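This report describes the fold, the core and the charged contacts of one protein chain. The sequence and the coordinates are shown first.

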Amino acid sequence: MPILRTELGDVLREARLTQGKTLRDISSAARVSLGYLSEVERGQKEASSELLASISDALEVPMSDILREVSDRFATAETFDEVSVMPTIPDTAQELLDSMPRR
């Protein structure tokens, strides 16, 4: 299961990089220290709703779009959690025979 602050940081970083802006550009516009913004993007700090609103404004991206992208990522991760990655290996020959489709 993903961690909220990590996914949020990834979405914010992708939005910033897509626009070709630097951490300094966004930190200045959002009035947050460059170091703190960097930590938010790396998922090391939790962003308050007020800070997230400031960063969203600086990115000129609605906060709802950012939260929607984070939500979509969580939904995808939940789907992967439901999928069995490793097949079940039968312990006995009888279990193997029982698991095979009948003709």
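The sections below go from the overall fold to single helices, the core, the salt bridges and the backbone.

## Overall fold

The model is predicted, not experimental in origin. Its protein chain contains six helices and zero strands, and along the sequence the order of elements reads α-α-α-α-α-α.

Of the 103 residues in the protein chain, 28% count as buried. The accessible surface amounts to about 7,300 Å², and carbon and sulfur atoms hold 54% of that area. Among contacts with a sequence separation of 6 or more, 65% are made by residues 24 or more positions apart.

## Helix 1

Helix 1 covers residues 4-18. At 1.5 Å a residue, its 15 residues should span 21 Å, and the C-alpha atoms at its two ends are indeed 21 Å apart, so expectation and model agree.

The buried residues in helix 1 are Glu 7, Leu 8, Gly 9, Val 11, Leu 12, Ala 15 and Arg 16. This list holds charged residues as well as nonpolar ones, Glu 7 and Arg 16 being among them. After helix 1 comes Gly 20, with a positive phi near 70°.

## Helix 4 and its two sides

In helix 4 (residues 49-59), the buried residues are Leu 51, Leu 52, Ile 55, Ser 56, Ala 58 and Leu 59. These residues lie on the same side of helix 4 because they cover an arc of only 160° around its axis. Ser 49, Glu 50 and Asp 57 are exposed on the other side of helix 4.

## The nonpolar core

The largest nonpolar core has 18 residues, and those that touch the most other members are Leu 8, Leu 12, Ile 26, Ile 55, Leu 59 and Ile 66. At least two residues of this core come from each of helix 1, helix 2 (23-30), helix 3 (34-41), helix 4 and helix 5 (63-82). Helix 4 gives the most, with five residues. In soluble globular proteins, nonpolar side chains tend to be buried together.

Ile 66 illustrates how the core is joined. Apart from neighbours within four places in sequence, Ile 66 is in contact with Leu 8, Val 11, Leu 12, Leu 52, Ser 56 and Val 61.

## Salt bridges between helix 1 and helix 3

The structure holds eight salt bridges. Two of them involve Glu 41, with Arg 13 as one partner at 3.8 Å, N to O, and Arg 16 as another at 2.7 Å, N to O. Glu 41 is in helix 3 and Arg 16 in helix 1, so this pair ties together parts that are 25 residues apart in sequence. Arg 13 also lies in helix 1, and its pairing with Glu 41 links parts of the chain 28 residues apart.

Glu 41 counts as buried because its relative accessibility is 4%. Arg 16 is likewise buried, with a relative accessible area of 9%, whereas Arg 13, at 24%, counts as partly exposed.

## Further charged contacts

Arg 5 and Glu 46 form a salt bridge through their side chains (3.7 Å, N to O). Arg 5 belongs to helix 1 and Glu 46 to the loop between helix 3 and helix 4, so the pair connects parts that are 41 residues apart in sequence. Both ends are partly exposed: Arg 5 has 30% relative accessibility and Glu 46 has 48%.

Glu 7, Glu 14, Glu 69 and Arg 73 are joined into one network by salt bridges that share partners. Within this network, Arg 73 is found in helix 5 and counts as buried at 19% relative accessibility, given a cut-off of under 20%. Leaving out residues up to four places away in sequence, Arg 73 touches Glu 7, Asp 10, Val 11 and Glu 14. Glu 7 is buried too, at 15%, and its contacts beyond four places in sequence are Pro 2, Val 70, Arg 73 and Phe 74.

## Backbone at two loops

Most residues other than glycine have a negative phi. Arg 31, which is not a glycine, has a positive phi of about 60°. Arg 31 is placed in the loop between helix 2 and helix 3 and is exposed, with a relative accessible area of 81%.

Glu 60 follows helix 4 and has a positive phi near 55°, although Glu 60 is not a glycine either. Glu 60 sits in the loop between helix 4 and helix 5, and its relative accessible area of 69% makes it exposed.

Notes. Residues are numbered from 1 along each chain as its sequence is written. This is a predicted model: local features need pLDDT of at least 70, side-chain atom pairs count only at pLDDT 80 or more; totals for chains, interfaces and linings use all residues. Side-chain values use heavy atoms; hydrogens and water are left out. Buried means under 20% relative accessible area, exposed over 50%, partly exposed in between (1.4 Å probe, protein chains only). Helices (H or I, at least four residues) and strands (E, at least two) are DSSP runs, numbered from the N terminus. The arc is that of the directions from the helix axis to the C-beta atoms. Contact means heavy atoms within 4.5 Å. A nonpolar core is a set of buried Ala, Val, Leu, Ile, Met, Phe, Trp, Tyr and Cys residues joined through side-chain atoms within 4.5 Å. Accessible areas come from the Shrake-Rupley method with a 1.4 Å probe; for residues, only the protein chains shown count as cover. The expected span of a helix is 1.5 Å times one less than its number of residues. A salt bridge is a side-chain nitrogen of Lys or Arg within 4 Å of a carboxyl oxygen of Asp or Glu.
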